[in-house]
Amino acid sequence: MSRIGKKIITAVPGVKVTVVDGEVSVEAQKGMLKFKIPGRISCEVKDGQVLIKSPSNSIEDKSLHGLTRSIIANMITGVSVGYTKELEIQGVGFRAASAGNILTLIMGFSHPVSFPIPADIKIETPKPTQIVVRGIDKQRVGETAAQIRRVYPPEPYKGKGIRYQGEIVRRKVGKSTTK
């Protein structure tokens with residue numbers, strides 16, 4: 001058995017977890033998420049706890065066991081609390097603004113970059129140099145933040161670009177002239 005898969009998931013009050021035909025559905029005040037359980041893994045809800053079982057100790061079953069448990073635990077956290085990723089922009093004249101379902105990034109290119117905001121994600125710009133990505137699905141929040149960061153990743157010489165909040169960019173020494 002997987003060490004992570006063995007851990008019991010306790011449902012948070014106010015979160016409804018149901019398993020129907022190999023699909024886990026988690027619902028709370030923030031929304032609803034669904035996940036199709038891999039074929040060999042079984043899942044059941046008993047007394048407010050979600051139990052995941054694996055048929056054998058093969059490497060594939062162990063990995064699917066732990067993965068399934070982690071995804072369901074993340075779904076419960078997502079619908080009850082939610083997930084947030086913060087990005088910061090560094091560079092003179094670099095800024096962001098969100099209007100409607102479009103995030104506009106001015107990153108020193110010859111044109112502003114328009115980033116369409118997915119329907120299940122909320123993006124806020126409290127300051128022109130700060131972007132906050134919120135949602136209930138951990139994978140979607142992380143992927144959206146990574147796509148925004150890919151527009152202009154931090155460069156190692158001056159440190160300009162879009163980075164995660166608190167990310168440390170290793171700086172390189174620039175060219176020096178010696179005579």
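## Strand pairs and a pocket

Val-24 stands opposite Phe-35, a residue of strand β4. That contact belongs to the pairing of β3 and β4 (residues 31-36), which run antiparallel and share six bridges. The two make a hairpin, with two residues between the strands.

Before going on, keep in mind that this is a predicted model. The pLDDT averages 91 over the protein, and 99% of the residues score at least 70. Broken down by element, the lowest mean pLDDT, 83, goes to helix α1 (residues 3-6), and the highest, 97, to strand β12 (residues 130-135).

Now back to β3, this time on its β2 side. Strand β2 (residues 16-20) and β3 (residues 23-28) are antiparallel too, joined by five bridges. One pair to look at here is Thr-18 with its bridge partner in β3, Ser-25. β2 and β3 also form a hairpin with two residues between them, and Asp-21 in that turn has a positive phi of about 50°.

Here are the two pairings side by side:

| Strands | Sense | Bridges |
|---|---|---|
| β2 and β3 | antiparallel | five bridges |
| β3 and β4 | antiparallel | six bridges |

So much for the hairpins; what about empty space? The largest pocket holds about 170 Å³. Its lining consists of Lys-30, Val-81, Gly-82, Tyr-83, Thr-84, Asp-120, Lys-122, Arg-134, Gly-135 and Ile-136. Which strands each supply at least two residues of that lining? They are β7 (83-90) and β12. Sorted by class, the lining comes out as four charged, three polar and three nonpolar residues.

Terms used. Residues are numbered from 1 along each chain as its sequence is written. This is a predicted model: local features need pLDDT of at least 70, side-chain atom pairs count only at pLDDT 80 or more; totals for chains, interfaces and linings use all residues. Side-chain values use heavy atoms; hydrogens and water are left out. pLDDT is the predictor's confidence in each residue, from 0 to 100. Helices (H or I, at least four residues) and strands (E, at least two) are DSSP runs, numbered from the N terminus. Two strands pair if DSSP finds at least two bridges between them. On a 1 Å grid over the protein atoms alone, a cavity is a set of points where a 1.4 Å probe fits but cannot get out, and a pocket is an open set with protein on both sides within 12 Å along at least five of seven lines; lining residues have an atom within 4 Å of a point. Grid points are joined across faces, edges and corners, and a volume is the space filled by probe spheres set on the points. Ala, Val, Leu, Ile, Met, Phe, Trp, Tyr, Cys and Pro count as nonpolar, Asp, Glu, Lys and Arg as charged, and the others, Gly among them, as polar.
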